[in-house]
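Reader: Hi! I am just starting to learn how to read protein models, and I would love a close look at a single spot. Could you walk me through one?

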Amino acid sequence: MKVAIAGGHGKIARLLEGLLVERGDAAIGLIRNPDHADDLREIGAEPMLCDLEQADSKEVAEAVAGADTVVFAAGAGPGSGVERKRTMDLGGALKLIEAAKANGISRYLIVSSMGAADPPAEGGDGFGEYLRAKAEADRAVAASGLDYTSVRPGRLTDDPGSGRVEVAPRLERGSIPRADVAAVLLTCLDVENTIGRDFDLLSGETPIKEALAAL
């Protein structure tokens, strides 16, 4: 399997790339900064220079050509302004939808956020706009006709992964290590009942495969 990951130098993306390479799959990481290329090569991933905010749909399509699956793990980041929530967290996801369709790629995983299922109608400053952008991206992916999965993790940490999670359409607030988010994304590629599903994700007591199989 060849998986193209938007936001390829992000923490979750690099963890996922490592897991893919470890099991013999190919990982393409879309990056906007050429200085990050060697970081991806070190874990066995293929860097692909593509600035999702600046590139047009054709350029994004060329960047993911040959992939079997695309993963949207990009984001403007907590220090960015309101406008970038729209251009990256929403706009980037939309461009990746078009790129997938242009290449006949049916599988699309998107890393969303807890709270995006019921975002505030207005206000909330930057975080409110972030949730609204994520919500709109999730709706667009769900309506795209692609075999999508939307994963909405809680507060992200850099703790070691436990391999045990809690998943449900809605969960109370909580946290989860990025390593476990990456492991869930990997497992979603293998568990067909995650297609067409969206769910909140937190640390829990259930092994990942078992938790996803019970969705």
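Which backbone oxygen lies 2.6 Å from a polar atom of the side chain of S144?

Author: Happy to help, and please keep in mind that this is a predicted model. The oxygen you are asking about belongs to the backbone of V141, and 2.6 Å separates it from a polar atom in the S144 side chain. V141 is not the one partner to look at here: the S144 side chain also reaches the backbone nitrogen of L146, at 3.1 Å.

Now let us place this residue in the chain. S144 sits in a loop, with helix α5 (125-142) on one side and strand β6 (147-153) on the other. Is S144 buried or exposed? Its relative accessibility is 10%, and because buried means under 20%, S144 counts as buried. Looking beyond residues up to four places away in sequence, you will find S144 touching I97 and K101.

For another spot, try M48, a residue of strand β3 (residues 46-49). M48 has a relative accessibility of 23%, so it counts as partly exposed. Leaving out residues up to four places away in sequence, M48 touches I28, G29, L30, I31 and A63. The C-alpha atoms of M48 and G8 are 8.5 Å apart, although these positions lie 40 residues apart along the chain.

Finally, step back to the whole chain. There are seven helices and 11 strands, and 49% of the 215 residues count as buried. The radius of gyration is 16 Å, which agrees with the value near 17 Å for a compact globule with 215 residues.

Notes. Residues numbered from 1 in each chain as written. Predicted model: local features only at pLDDT ≥ 70, side-chain atom pairs only at ≥ 80, totals over all residues. Heavy atoms only, no water. Helix = DSSP H or I, 4+ residues; strand = E, 2+ residues; numbered from the N terminus. Buried < 20%, exposed > 50% of the residue type's maximum accessible area, 1.4 Å probe, protein only. Polar contact = N/O pair within 3.5 Å; in protein donor to acceptor, adjacent residues only side chain to side chain. Contact = heavy atoms within 4.5 Å. Rg over C-alpha atoms; globule rule 2.2 N^0.38 Å.
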